[in-house]
Amino acid sequence: MAPSATSEIVSPLVGVAKQVEKHVHGAQEKTPLEAISHGPIVQAGIPEFSTHEEHRKHILIHTAAVFRDFSRKGFTEGQSGHISVRDPEFGNYIWMNPLGKHFGLMTAGDLICLDVNTGKVVGGNKSKPANAAGFLIHSEIHKARPDVHAICHAHTDAGRAWSVFGTGLDMLNQDICLLHNSIAVYNSYGGIVFAAEEGRNIARALGPKNKTAILLNHGLLSTGSTVDEAGFLFGLLDRGCAIQLTVEAARAGNPALKKNIVADEEAAYNFKMNSEKNILYREAQPDLDYEFAMAGPGVIERGVENMRIDHGE
(Lines give C-alpha, C1' and ligand atoms only; values in the text may rest on other atoms or scores of the structure.)
Protein backbone atom coordinates (compact mmCIF):
# COMPACT_ATOMS: atom_id res chain seq x y z
CA MET A 1 0.00 0.00 0.00
CA ALA A 2 1.18 3.51 -0.71
CA PRO A 3 2.52 5.37 2.33
CA SER A 4 0.16 7.84 3.93
CA ALA A 5 0.38 10.75 6.30
CA THR A 6 -1.99 12.17 8.87
CA SER A 7 -2.54 15.77 9.83
CA GLU A 8 -4.81 17.57 12.26
CA ILE A 9 -7.51 19.65 10.62
CA VAL A 10 -8.57 22.34 13.07
CA SER A 11 -12.05 23.77 12.59
CA PRO A 12 -12.41 27.52 13.06
CA LEU A 13 -15.85 26.92 14.65
CA VAL A 14 -15.99 27.01 18.44
CA GLY A 15 -16.91 23.70 20.01
CA VAL A 16 -16.10 21.58 16.95
CA ALA A 17 -13.65 18.78 17.71
CA LYS A 18 -10.42 18.34 15.84
CA GLN A 19 -10.54 15.93 12.93
CA VAL A 20 -7.73 13.72 11.70
CA GLU A 21 -7.52 13.38 7.95
CA LYS A 22 -5.57 10.63 6.23
CA HIS A 23 -3.64 11.49 3.06
CA VAL A 24 -2.89 8.69 0.61
CA HIS A 25 -0.18 9.67 -1.84
CA GLY A 26 -0.63 7.06 -4.56
CA ALA A 27 1.15 6.56 -7.90
CA GLN A 28 4.33 5.15 -6.32
CA GLU A 29 4.51 2.51 -9.03
CA LYS A 30 4.44 5.10 -11.82
CA THR A 31 7.04 7.40 -13.28
CA PRO A 32 6.35 11.11 -12.70
CA LEU A 33 5.24 11.54 -16.33
CA GLU A 34 2.96 8.52 -16.09
CA ALA A 35 1.47 9.86 -12.86
CA ILE A 36 0.64 13.30 -14.30
CA SER A 37 -0.70 12.00 -17.64
CA HIS A 38 -4.36 10.97 -17.48
CA GLY A 39 -5.52 8.60 -20.17
CA PRO A 40 -3.68 6.31 -22.60
CA ILE A 41 -1.19 8.94 -23.83
CA VAL A 42 1.86 9.54 -21.61
CA GLN A 43 3.54 12.92 -21.98
CA ALA A 44 6.93 12.67 -23.67
CA GLY A 45 10.09 13.47 -21.72
CA ILE A 46 13.46 14.86 -22.80
CA PRO A 47 13.90 14.22 -26.54
CA GLU A 48 16.72 12.06 -27.86
CA PHE A 49 18.82 12.79 -30.94
CA SER A 50 20.73 10.60 -33.34
CA THR A 51 23.60 13.08 -33.82
CA HIS A 52 25.45 15.63 -31.72
CA GLU A 53 24.69 18.25 -34.35
CA GLU A 54 20.92 17.86 -34.01
CA HIS A 55 21.18 17.77 -30.23
CA ARG A 56 23.30 20.93 -30.28
CA LYS A 57 20.76 22.75 -32.44
CA HIS A 58 17.96 21.82 -30.04
CA ILE A 59 19.96 23.02 -27.04
CA LEU A 60 20.88 26.36 -28.60
CA ILE A 61 17.35 27.06 -29.79
CA HIS A 62 15.88 26.24 -26.40
CA THR A 63 18.54 28.31 -24.63
CA ALA A 64 17.54 31.34 -26.70
CA ALA A 65 13.88 30.65 -25.88
CA VAL A 66 14.66 30.49 -22.15
CA PHE A 67 16.33 33.90 -22.39
CA ARG A 68 13.20 35.32 -24.01
CA ASP A 69 11.08 33.78 -21.28
CA PHE A 70 13.35 35.43 -18.69
CA SER A 71 12.80 38.76 -20.42
CA ARG A 72 9.04 38.38 -20.35
CA LYS A 73 9.22 37.61 -16.62
CA GLY A 74 11.30 40.70 -15.88
CA PHE A 75 14.58 38.97 -15.05
CA THR A 76 16.72 41.60 -16.81
CA GLU A 77 19.08 44.10 -15.19
CA GLY A 78 21.32 45.90 -17.67
CA GLN A 79 24.09 43.53 -18.76
CA SER A 80 23.70 41.25 -15.73
CA GLY A 81 22.55 37.66 -15.98
CA HIS A 82 23.76 34.64 -17.89
CA ILE A 83 22.80 31.14 -18.89
CA SER A 84 25.25 28.40 -19.80
CA VAL A 85 24.61 24.98 -21.30
CA ARG A 86 27.11 22.16 -21.71
CA ASP A 87 27.82 21.08 -25.28
CA PRO A 88 26.44 17.58 -25.95
CA GLU A 89 29.62 16.45 -27.72
CA PHE A 90 32.44 18.18 -25.87
CA GLY A 91 31.86 18.06 -22.12
CA ASN A 92 34.38 20.80 -21.29
CA TYR A 93 32.72 23.30 -23.65
CA ILE A 94 29.78 25.50 -22.66
CA TRP A 95 27.53 27.85 -24.62
CA MET A 96 26.75 31.26 -23.11
CA ASN A 97 25.06 34.52 -24.06
CA PRO A 98 27.04 37.49 -25.37
CA LEU A 99 27.56 40.48 -23.09
CA GLY A 100 24.98 43.23 -23.61
CA LYS A 101 22.45 41.33 -25.74
CA HIS A 102 18.93 41.84 -24.40
CA PHE A 103 17.35 38.61 -23.26
CA GLY A 104 14.19 39.40 -25.20
CA LEU A 105 16.11 39.58 -28.49
CA MET A 106 18.24 36.46 -28.08
CA THR A 107 18.54 33.99 -30.95
CA ALA A 108 20.39 30.69 -31.26
CA GLY A 109 22.98 32.38 -33.46
CA ASP A 110 23.98 34.81 -30.70
CA LEU A 111 25.49 32.21 -28.40
CA ILE A 112 29.22 31.81 -27.73
CA CYS A 113 31.05 28.53 -27.09
CA LEU A 114 33.79 28.60 -24.43
CA ASP A 115 36.26 26.11 -22.98
CA VAL A 116 35.59 25.88 -19.22
CA ASN A 117 39.25 25.11 -18.50
CA THR A 118 40.90 27.91 -20.46
CA GLY A 119 38.15 30.46 -21.13
CA LYS A 120 39.04 30.34 -24.80
CA VAL A 121 36.31 31.01 -27.37
CA VAL A 122 36.05 27.76 -29.31
CA GLY A 123 33.01 28.33 -31.50
CA GLY A 124 29.73 30.06 -32.13
CA ASN A 125 29.33 33.83 -32.21
CA LYS A 126 32.71 35.58 -32.20
CA SER A 127 31.45 39.11 -32.80
CA LYS A 128 30.82 39.92 -29.11
CA PRO A 129 32.48 39.07 -25.77
CA ALA A 130 30.99 36.86 -23.11
CA ASN A 131 30.33 38.12 -19.57
CA ALA A 132 33.58 37.63 -17.61
CA ALA A 133 31.89 37.36 -14.21
CA GLY A 134 29.38 34.93 -15.66
CA PHE A 135 32.09 32.71 -17.11
CA LEU A 136 33.99 32.62 -13.82
CA ILE A 137 30.88 31.48 -11.94
CA HIS A 138 29.50 29.05 -14.49
CA SER A 139 32.79 27.43 -15.48
CA GLU A 140 33.62 26.55 -11.87
CA ILE A 141 30.19 25.00 -11.31
CA HIS A 142 30.39 23.02 -14.55
CA LYS A 143 33.83 21.71 -13.53
CA ALA A 144 32.68 20.79 -10.03
CA ARG A 145 29.37 19.24 -11.09
CA PRO A 146 29.57 16.93 -14.14
CA ASP A 147 25.87 16.19 -13.64
CA VAL A 148 24.95 19.83 -14.29
CA HIS A 149 24.28 20.53 -17.95
CA ALA A 150 22.81 24.02 -17.62
CA ILE A 151 23.08 26.94 -15.21
CA CYS A 152 20.95 30.09 -14.97
CA HIS A 153 21.80 33.23 -13.01
CA ALA A 154 20.03 36.59 -12.97
CA HIS A 155 19.43 39.57 -10.70
CA THR A 156 15.68 39.51 -10.03
CA ASP A 157 13.81 41.82 -7.66
CA ALA A 158 12.43 39.12 -5.37
CA GLY A 159 15.66 37.12 -5.47
CA ARG A 160 17.81 40.08 -4.51
CA ALA A 161 15.36 41.17 -1.81
CA TRP A 162 15.25 37.77 -0.11
CA SER A 163 19.01 37.22 -0.58
CA VAL A 164 19.80 39.97 1.94
CA PHE A 165 18.70 37.64 4.77
CA GLY A 166 21.27 34.97 3.87
CA THR A 167 18.86 32.10 4.43
CA GLY A 168 16.85 29.57 2.46
CA LEU A 169 13.11 29.25 1.88
CA ASP A 170 10.40 27.54 3.87
CA MET A 171 8.32 24.90 2.11
CA LEU A 172 5.28 27.17 2.11
CA ASN A 173 3.34 25.61 -0.75
CA GLN A 174 3.10 22.62 -3.05
CA ASP A 175 5.17 24.16 -5.83
CA ILE A 176 8.23 25.18 -3.86
CA CYS A 177 8.48 21.57 -2.61
CA LEU A 178 10.06 20.82 -6.00
CA LEU A 179 13.13 22.37 -4.37
CA HIS A 180 12.84 20.48 -1.08
CA ASN A 181 16.30 20.11 0.48
CA SER A 182 17.94 21.42 -2.70
CA ILE A 183 18.31 25.17 -2.08
CA ALA A 184 21.85 26.15 -1.12
CA VAL A 185 22.78 29.49 0.42
CA TYR A 186 26.05 31.26 -0.33
CA ASN A 187 26.06 33.62 2.66
CA SER A 188 29.25 35.53 1.94
CA TYR A 189 29.27 38.45 -0.50
CA GLY A 190 32.62 39.02 -2.19
CA GLY A 191 31.75 41.70 -4.74
CA ILE A 192 31.45 41.36 -8.50
CA VAL A 193 33.03 38.06 -9.51
CA PHE A 194 36.24 38.87 -11.34
CA ALA A 195 38.33 36.05 -9.87
CA ALA A 196 38.09 32.29 -10.31
CA GLU A 197 38.29 31.75 -6.54
CA GLU A 198 34.95 33.46 -5.99
CA GLY A 199 33.44 31.20 -8.64
CA ARG A 200 34.87 28.22 -6.74
CA ASN A 201 33.35 29.55 -3.50
CA ILE A 202 29.91 29.62 -5.12
CA ALA A 203 30.41 26.11 -6.53
CA ARG A 204 31.37 24.83 -3.07
CA ALA A 205 28.31 26.46 -1.53
CA LEU A 206 26.09 24.81 -4.14
CA GLY A 207 27.52 21.45 -3.10
CA PRO A 208 27.26 18.06 -4.81
CA LYS A 209 23.47 17.72 -4.99
CA ASN A 210 21.65 21.05 -4.64
CA LYS A 211 19.69 22.28 -7.64
CA THR A 212 19.60 26.00 -6.78
CA ALA A 213 21.34 28.64 -4.71
CA ILE A 214 20.56 31.97 -3.10
CA LEU A 215 23.60 34.27 -3.27
CA LEU A 216 23.83 36.84 -0.47
CA ASN A 217 23.26 40.43 -1.68
CA HIS A 218 23.48 39.16 -5.24
CA GLY A 219 20.70 37.05 -6.71
CA LEU A 220 19.66 33.53 -7.60
CA LEU A 221 21.21 30.58 -9.41
CA SER A 222 19.70 27.37 -10.74
CA THR A 223 21.01 24.23 -12.41
CA GLY A 224 19.49 21.45 -14.46
CA SER A 225 19.92 18.40 -16.65
CA THR A 226 18.59 20.58 -19.47
CA VAL A 227 18.43 24.32 -19.99
CA ASP A 228 14.64 23.90 -19.88
CA GLU A 229 14.84 22.46 -16.36
CA ALA A 230 17.30 25.08 -15.15
CA GLY A 231 15.13 27.86 -16.56
CA PHE A 232 11.96 26.52 -14.96
CA LEU A 233 13.64 26.02 -11.57
CA PHE A 234 15.06 29.53 -11.68
CA GLY A 235 11.58 30.98 -12.12
CA LEU A 236 10.25 28.71 -9.37
CA LEU A 237 12.97 29.88 -6.97
CA ASP A 238 12.27 33.52 -7.78
CA ARG A 239 8.54 33.08 -7.21
CA GLY A 240 9.36 31.25 -3.97
CA CYS A 241 11.31 34.29 -2.80
CA ALA A 242 8.43 36.59 -3.71
CA ILE A 243 5.93 34.39 -1.85
CA GLN A 244 8.17 34.17 1.22
CA LEU A 245 8.55 37.96 1.27
CA THR A 246 4.77 38.36 1.05
CA VAL A 247 4.13 35.82 3.82
CA GLU A 248 6.71 37.39 6.13
CA ALA A 249 5.26 40.85 5.53
CA ALA A 250 1.74 39.62 6.25
CA ARG A 251 2.84 37.95 9.47
CA ALA A 252 4.78 41.05 10.55
CA GLY A 253 1.61 43.08 10.05
CA ASN A 254 -0.50 40.58 11.98
CA PRO A 255 1.58 38.51 14.45
CA ALA A 256 -1.48 36.38 15.23
CA LEU A 257 -1.19 34.73 11.85
CA LYS A 258 0.34 31.26 11.98
CA LYS A 259 2.76 30.23 9.23
CA ASN A 260 1.95 26.66 8.20
CA ILE A 261 4.87 24.86 6.54
CA VAL A 262 4.52 21.70 4.45
CA ALA A 263 5.64 18.69 6.49
CA ASP A 264 8.88 17.00 5.46
CA GLU A 265 7.14 13.79 4.40
CA GLU A 266 4.76 15.62 2.08
CA ALA A 267 7.52 17.87 0.76
CA ALA A 268 9.72 14.86 0.04
CA TYR A 269 6.90 13.13 -1.84
CA ASN A 270 6.25 16.25 -3.94
CA PHE A 271 9.97 16.44 -4.69
CA LYS A 272 10.12 12.79 -5.73
CA MET A 273 7.14 13.01 -8.07
CA ASN A 274 7.68 16.47 -9.54
CA SER A 275 11.39 17.23 -9.48
CA GLU A 276 12.62 14.49 -11.84
CA LYS A 277 14.48 15.70 -14.94
CA ASN A 278 11.90 14.62 -17.53
CA ILE A 279 8.95 16.21 -15.81
CA LEU A 280 10.95 19.39 -15.16
CA TYR A 281 11.75 19.52 -18.86
CA ARG A 282 8.01 19.30 -19.56
CA GLU A 283 7.22 21.98 -16.97
CA ALA A 284 9.20 24.48 -19.04
CA GLN A 285 7.57 23.75 -22.39
CA PRO A 286 4.35 25.81 -22.09
CA ASP A 287 6.32 29.01 -21.51
CA LEU A 288 8.82 28.16 -24.26
CA ASP A 289 6.04 27.27 -26.70
CA TYR A 290 4.58 30.70 -26.00
CA GLU A 291 7.91 32.37 -26.81
CA PHE A 292 8.19 30.49 -30.11
CA ALA A 293 4.65 31.49 -31.05
CA MET A 294 5.15 35.15 -30.10
CA ALA A 295 8.48 35.42 -31.94
CA GLY A 296 7.14 33.84 -35.12
CA PRO A 297 8.51 31.04 -37.31
CA GLY A 298 12.29 30.85 -37.52
CA VAL A 299 13.05 33.90 -35.37
CA ILE A 300 14.45 32.28 -32.23
CA GLU A 301 16.15 29.64 -34.38
CA ARG A 302 17.91 32.29 -36.48
CA GLY A 303 21.62 31.57 -37.05
CA VAL A 304 21.60 28.07 -35.58
CA GLU A 305 22.92 26.60 -38.85
CA ASN A 306 26.10 28.67 -38.41
CA MET A 307 26.78 27.53 -34.85
CA ARG A 308 29.90 25.43 -35.21
CA ILE A 309 32.76 24.43 -32.94
CA ASP A 310 36.24 25.11 -34.31
CA HIS A 311 38.17 24.51 -31.05
CA GLY A 312 39.53 28.02 -31.22
CA GLU A 313 41.38 27.53 -34.47
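**A friendly note on the pocket, the sheet and one helix**

1. The largest pocket of this predicted model has a volume of about 350 Å³. Of the 17 residues lining this pocket, His 55, Ile 59, His 149, Ser 225 and Thr 226 are the closest to its centre. Here a pocket is an open set of points on a 1 Å grid over the protein atoms alone, where a 1.4 Å probe fits, with protein on both sides within 12 Å along at least five of seven lines; lining residues have an atom within 4 Å of a point. The volume is the space filled by probe spheres set on the points, which are joined across faces, edges and corners.

2. Before you read on, two things about the model. Residues are numbered from 1 along each chain as its sequence is written, and side-chain values use heavy atoms, with hydrogens and water left out. As the model is predicted, local features need pLDDT of at least 70 and side-chain atom pairs count only at pLDDT 80 or more, while totals for chains, interfaces and linings use all residues.

3. Which elements build the pocket lining? At least two residues each come from α2 (52-72), β3 (82-86), α6 (227-253) and α8 (277-295), and α2 gives the largest share, three residues. Helices (H or I, at least four residues) and strands (E, at least two) are DSSP runs, numbered from the N terminus.

4. Now find the open sheet: eight strands in the order β6-β5-β4-β3-β7-β10-β9-β8, with mixed pairing. Its edge strands, β6 (121-124) and β8 (183-186), each pair on one side only. Two strands pair if DSSP finds at least two bridges between them.

5. Strand β4 (residues 93-96) is a good one to trace. A hairpin of six residues links β3 to β4; these two strands run antiparallel and share three bridges, with Ser 84 partnered by Met 96 in β4. Four bridges join β4 to the antiparallel strand β5 (residues 112-115), where Asp 115 is the bridge partner of Tyr 93.

6. Are the faces of β4 covered or open? Both are covered: Tyr 93 and Trp 95 on one side, and Ile 94 and Met 96 on the other, are all buried. Buried means under 20% relative accessible area (1.4 Å probe, protein chains only). In a regular strand the side chains alternate between the two faces of the sheet.

7. Last, look at helix α7 (residues 264-274), whose buried residues are Glu 266, Ala 267, Tyr 269, Asn 270 and Met 273. They lie on the same side of α7 because they cover an arc of only 160° around the axis. The arc is that of the directions from the helix axis to the C-beta atoms.

Notes. Buried means under 20% relative accessible area, exposed over 50%, partly exposed in between (1.4 Å probe, protein chains only).
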